[in-house]
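Me: I've got a structure open and want to know what the labels people put on it rest on. Can we go through them one by one?

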Amino acid sequence: MLRSNSIFRLSCIILFLSLGSVYTKDFNALCSTCRQLVDNFDKGLEKTAKQNFGGGNTEWEERKLSKYKLSEIRLTEILEGLCDSSSFECNHMLEENEEHFETWWFKRKTKHPDLFKWFCIETIKVCCPKGLFGPDCNTCIGGADKPCHGNGKCDGDGTRAGNGKCSCDKGYEGELCLDCSDGYFSALRNDTFSLCKECHESCVGCTGGTNRDCKECRNGWEKDQEGACIDINECTKDPAPCKDNQYCLNTDGSFSCKECDISCSGCKGPGASNCLTCADGYKDEESTCTEENKEVPASDSEGSQTGDSPEKHEDL
């Protein structure tokens with residue numbers, strides 16, 4: 001009795017899990033697999049267009065080719081090449097729906113030439129037309145032609161999944177993707193269209209695209225007498241922002257410290273010509289620090305002048 005109850009409970013669990021898998025289908029993945037099947041089918045059609053024929057214009061070849069175009073043989077050849085052996089999802093979908101391909105091939109092709117629409121959208125219902133989403137293929141915010149008003153992506157677009165919410169592109173925000181986000185300003189706006197452009201790099205918030213349209217200046221910038229945000233030259237500040245053996249390089253909105261040339265002891269810029277003073281072992285020649293010549297020992301100097309060697313003096 002206990003064994004029977006255990007078996008019954010196990011059967012219920014298996015049934016529950018199998019039913020649960022039906023209701024938790026990954027429609028994004030299913031639609032992607034279906035689209036790939038149809039794409040491969042189209043490639044198969046192209047590949048078999050004149051397969052096994054020499055390409056001549058004889059009446060016999062034309063008759064045979066005409067029969068082959070609509071034949072079961074051609075359909076079988078196409079179906080055999082639809083999925084890689086390693087693709088479980090593709091092979092599983094094909095195995096479950098092979099009869100639908102046969103139905104379309106022999107009965108529906110002339111009335112429904114769009115295989116993707118007929119098979120993926122209308123027949124096995126794992127996809128939606130572009131701009132539609134969810135189990136009932138509802139229209140995305142902004143309309144099917146321009147989901148999210150052209151400024152974002154509709155969740156589930158083209159599949160039976162998703163909730164239709166918009167994920168806005170950079171520069172846009174809001175439920176409808178019509179508002180401009182921080183760092184952008186509205187160049188054009190109506191009920192169905194919005195064009196947001198980036199503020200000038202010196203601005204924190206703006207009403208236009210120049211440094212005169214800033215609401216506030218970013219760090220490293222300050223307003224001049226005319227109200228425009230201009231770069232602060234940190235390199236002119238006292239005390240100097242860099243170490244003794246570095247020079248300051250000003251950049252828009254910031255600065256950086258660079259190491260002086262090896263020939264320098266302090267510098268005002270890159271290279272040996274911008275030294276404040278020359279480092280040990282270097283001397284100033286025409287405003288450039290160059291390496292000093294090493295002194296030659298006196299004995300070496302005398303030997304090189306006479307050209308004689310100790311061995312020669314001994315021989316004498």
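**How the labels are earned**

Reply: Sure, starting with a helix pair: H4 passes H5 in a right-handed crossing. Keep in mind that this is a predicted model, where local features need pLDDT of at least 70, side-chain atom pairs count only at pLDDT 80 or more, and totals for chains, interfaces and linings use all residues. Residues are numbered from 1 along each chain as its sequence is written, and side-chain values use heavy atoms, with hydrogens and water left out.

Me: What makes H4 and H5 helices in the first place?

Reply: Helices are DSSP runs of H or I with at least four residues, strands are runs of E with at least two, and both are numbered from the N terminus. H4 covers residues 72–80 and H5 covers residues 88–108. The chain has 8 helices and 16 strands.

Me: Which residues of H4 and H5 meet?

Reply: Contact means heavy atoms within 4.5 Å. On the H4 side these are Glu72, Arg74, Leu75, Ile78 and Leu79, and they meet Leu94, Glu98, Phe101, Glu102, Trp105 and Phe106 in H5.

Me: Why is the link of Cys31 and Cys127 called a disulfide?

Reply: The term needs a pair of cysteine sulfur atoms within 2.5 Å. The sulfur atoms of Cys31 and Cys127 are 2.0 Å apart, and the two form a disulfide. Cys31 lies in helix H2 and Cys127 in the loop between helix H6 and strand S1, so the pair ties together parts that are 96 residues apart in sequence. The structure holds 16 disulfides.

Me: How do you know whether Cys31 is buried or exposed?

Reply: Buried means under 20% relative accessible area, exposed means over 50%, and partly exposed is in between (1.4 Å probe, protein chains only). Cys31 has 4% relative accessibility, so Cys31 counts as buried. Cys127, at 0%, counts as buried too.

Me: And what does Cys257 count as?

Reply: Cys257 has 31% relative accessibility, so the label is partly exposed. Its disulfide partner is Cys242, with the sulfur atoms 2.0 Å apart. Cys242 is at 13%, so Cys242 counts as buried.

Me: Why is the disulfide of Cys180 and Cys196 left-handed?

Reply: The torsion about its S-S bond is about -90°, so the disulfide is left-handed. Cys180 lies in strand S6 and Cys196 in strand S8, so the pair ties together parts that are 16 residues apart in sequence. By contrast, the link of Cys31 and Cys127 has 120° about the S-S bond and is right-handed.

Technical notes. Axes fitted to C-alpha atoms, helices over the stretch in contact; angles between N-to-C directions. Left-handed = near helix turned anticlockwise from the far one by under 90°.
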